[in-house]
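Reader: Hi, could you walk me through this structure?

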Amino acid sequence: MADAESVVVHDVQSILSSSERDYLVRNNGDQVKIENLKGKKVGLYFSASWCGPCKRFTPTLVEVYNEVSAKGDFEIIFVSADKDEDAFQAYFSKMPWLAIPFSDSDTRDRLDELFEVPGIPHLVILDENGKVAVEEGTEVVLEYGAEAYPFTPERIKEFKDQEEEARRNQSLRYLLIYKSLDFVTSSDGKQVHVSQLEGKTVGLYFSSFSYKGSAEFTPKLVKVYEELKAKGEDFEIVLISVGGDEESFQEGLKSLPLLALPFNDKRCEKLARYFELSTLPTLVIIGPDGKTLHSNVAEAIEEHGVIAYPFTPEKFAELAEAQTLESILVSGDLDFVLGKDEVKIPVSDLVGKTVLLYFSAQWCPPCRMFLPKLIEAYHKIKANGNALEVVFISSDKDQASFNDFFAEMPWLALPFGDSRKSFLSRKFKVSGIPKLVAIGPSGQTITKEARELITLYGAEAYPFTEERVKQLKAGPNEEEEEKDKKDGYVCDGEVCSKA
């Protein structure tokens, strides 16, 4: 909480006006004196027509404004970041509030600097006295809508306290019911009351019909769902559409045996924020008691299929112990990797070896810099008689780039464009390349940070286990030191000095 002395109170008349202007404008050209804002709460809306997130947020803000402005003590001022007058006018025509004239770029720039706008859309709400009541108004409006009025810190705190309480006592009703919205829909358009799902295991499936990753995963999910229903399991899936258009949603839903939230339903954004959605597809599992069992089982379903059910911690512990190299690298008829001259090497030939999965691409400068280090370590480890193999998993943009880059490597690869890549990227949470994942002889994941180990220790990092890393961090033991003493010199790995 800021000290009273540090609280800044803005003179609304001063910050919104200029020496030539004491008014704001409406989208019909009418001028409104700034002095009319006296005694009102004011939202400064930094936005632009070229900004996709702004265009998605503005309709929500319009809805909130229309509900709140009737109270007579709230106004919004559009502070445009558009690049020309025509773009400003076209965008402003959809807004029922006031704006700084586009011609007054000095005031717009001054406001942007005064409120340290980090990006757009950005909404700052000032109270009746000109003090900042809410700095992150965009998030507040998305999360609480018009219910956040009068936009005071006390009101926001009240909501956050309620949220914390709800999280502690989470229920399916809390997740899926919002005001009068107390139902989900079936693929034939019928409404199913949320109460009919209580006591069941429920999957909340965040997906998009226009996203390739979702399109590839959905058939696998449907297969698992139908197998579980055939066994009589109390399991339902609720599709939550993220992005895309309504026509694609309606057409796609018709072919699925799943339930869904209606397109553009307010609960979709609420749930995406609640579960901090960061990737698609995501399948959140809610247990029969309404509590979250797992934040995303998509990769588990890809890897294990129906045997991942009922998605409990105990089941995942059991599956982790059961992981094998073949469960990672074999998918249907795709049971091989490529050697040189496109020779198909069965994955079964790699079982019992330490296998490094090398996510990389020719267009990536850090990948090209790391490759010689990895090649050097690979040859040294193999020369010591160790059972090691590397599998290149390409993010190249075309077959020719893949061929050129793979030609520099002495190991194996997944074929270019192989469908196993997307599964492996999700499983090992590959958010950037190069990445090197080490799989041990038993098929268990040893580390996802093998690149860092190779960079630091080279071939000495083998076999990449926790025990080996501890040894390397501790330095050479007495026996190793004795081995390094030659002709009166002691070698520490970096330099040999006289003993």
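Author: Happy to; we can talk about a pair of helices and then about cavities. This is a predicted model, where local features need pLDDT of at least 70, side-chain atom pairs count only at pLDDT 80 or more, and totals for chains, interfaces and linings use all residues. Residues are numbered from 1 along each chain as its sequence is written, and side-chain values use heavy atoms, leaving out hydrogens and water.

Reader: Cool! At what angle do helix α2 and helix α5 pack?

Author: Helix α2 (residues 52-68) packs on helix α5 (residues 137-144) at about 70°, and their axes are 10 Å apart. The two are therefore roughly perpendicular to each other (that word covers angles of 65 to 115 degrees).

Reader: And which residues make the contact?

Author: From α2 there are Phe 57, Thr 60, Leu 61 and Val 64, and α5 brings Thr 138, Val 141 and Leu 142 (contact means heavy atoms within 4.5 Å). By class, that contact has five nonpolar, two polar and no charged residues.

Reader: New topic: how many cavities of 30 Å³ or more are there?

Author: The structure has two of that volume. A cavity is a set of points on a 1 Å grid over the protein atoms alone where a 1.4 Å probe fits but cannot get out, and lining residues have an atom within 4 Å of a point.

Reader: What's the volume of the largest cavity?

Author: The largest cavity has about 50 Å³. Its lining includes Ser 208, Phe 209, Asp 245 and Phe 249, and by class the lining has three nonpolar, six polar and one charged.

Reader: And what about the second largest cavity?

Author: That one holds about 40 Å³ of space. Among the residues lining the second largest cavity are Ile 393, Pro 415, Asp 418 and Lys 421, and the lining has four nonpolar, two polar and two charged residues.

Key
Axes are lines fitted to C-alpha atoms, for helices over the stretch in contact, and angles run from 0 to 180 degrees between N-to-C directions. Helices (H or I, at least four residues) and strands (E, at least two) are DSSP runs, numbered from the N terminus. Angles under 35 degrees count as roughly parallel, over 145 as roughly antiparallel, 65 to 115 as roughly perpendicular and the rest as oblique. Ala, Val, Leu, Ile, Met, Phe, Trp, Tyr, Cys and Pro count as nonpolar, Asp, Glu, Lys and Arg as charged, and the others, Gly among them, as polar. On a 1 Å grid over the protein atoms alone, a cavity is a set of points where a 1.4 Å probe fits but cannot get out, and a pocket is an open set with protein on both sides within 12 Å along at least five of seven lines; lining residues have an atom within 4 Å of a point. Grid points are joined across faces, edges and corners, and a volume is the space filled by probe spheres set on the points.
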